[in-house]
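Reader: I have a model open on my screen and would like to know how its labels were earned. Could you take me through them?

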Amino acid sequence: MFLRIIKRLFDFMCAFIALVVLSPVFLIAIIGILISDFGPIFYCANRIGKGNKPFKMYKFRSMKVLRTLKGGAEASLRPEENRIFPFGRFIRQVKIDELPQLINILNGTMSIIGPRPVAQDQFEMFRY
């Protein structure tokens, strides 16, 4: 019990400090996303966390918004449809798109130390 409290305190403090220090990077990323492709700033991925509990994992959006649905989510993964905008490619290369996961760490759905949450549609493959 005591170690869980220490781990949670560590997660919270590290995420809080990182958010404060990286707030200029967040601001640049938000402005870059809005200029590149107006729409939502964040992408919410469905993940399965500890205790098989589903939650939304936040990331900066790096792909153009689908204007019309073309056969489900897998349509966005077709190679003939390059939906990644140039600024999105940059934030993916330097891993800035992963920074909003610090919000997940603050709200307790993720941890700094531990396994990466599995995607909801891939849960059966990784379940043991």
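Author: Gladly! The chain exposes about 9000 Å², and carbon and sulfur atoms supply 67% of that area; accessible areas come from the Shrake-Rupley method with a 1.4 Å probe, and for residues only the protein chains shown count as cover. This is a predicted model, where local features need pLDDT of at least 70 and side-chain atom pairs count only at pLDDT 80 or more, while totals for chains, interfaces and linings use all residues. Residues are numbered from 1 along each chain as its sequence is written, and side-chain values use heavy atoms, with hydrogens and water left out.

Reader: Why is F60 called buried?

Author: Buried means under 20% relative accessible area, exposed over 50%, and partly exposed in between (1.4 Å probe, protein chains only). F60 has 2% relative accessibility, so F60 counts as buried.

Reader: And what makes F42 buried, exposed or partly exposed?

Author: F42 comes to 32% relative accessibility, and therefore counts as partly exposed.

Reader: Why is the pair of F26 and F60 called edge-to-face or stacked?

Author: Rings of Phe, Tyr and Trp (its six-membered ring) pair if their centres lie within 6.5 Å; planes under 30 degrees apart count as stacked, over 60 as edge-to-face and the rest as tilted. The structure holds five aromatic pairs. In one of them, the ring centres of F26 and F60 are 5.3 Å apart and the planes meet at 65°, so this pair is edge-to-face. F26 belongs to helix α2 and F60 to strand β2, so the pair ties together parts 34 residues apart in sequence. Helices (H or I, at least four residues) and strands (E, at least two) are DSSP runs, numbered from the N terminus.

Reader: What makes the pair of F42 and F60 stacked?

Author: Here the rings are 5.5 Å centre to centre with 10° between the planes. F42 sits in strand β1 (residues 42-48) and F60 in strand β2, so this pair ties together parts 18 residues apart in sequence. Ring pairs link F26, F42, Y58 and F60 into a cluster.

Reader: Which residues touch the most other members of the largest nonpolar core?

Author: A nonpolar core is a set of buried Ala, Val, Leu, Ile, Met, Phe, Trp, Tyr and Cys residues joined through side-chain atoms within 4.5 Å. This core has 17 residues, and I33, F60, I91, I96, L99 and L102 touch the most other members. Two or more residues each come from α1 (2-21), α2 (23-36), β2 (54-60), α3 (86-93) and α4 (101-106).
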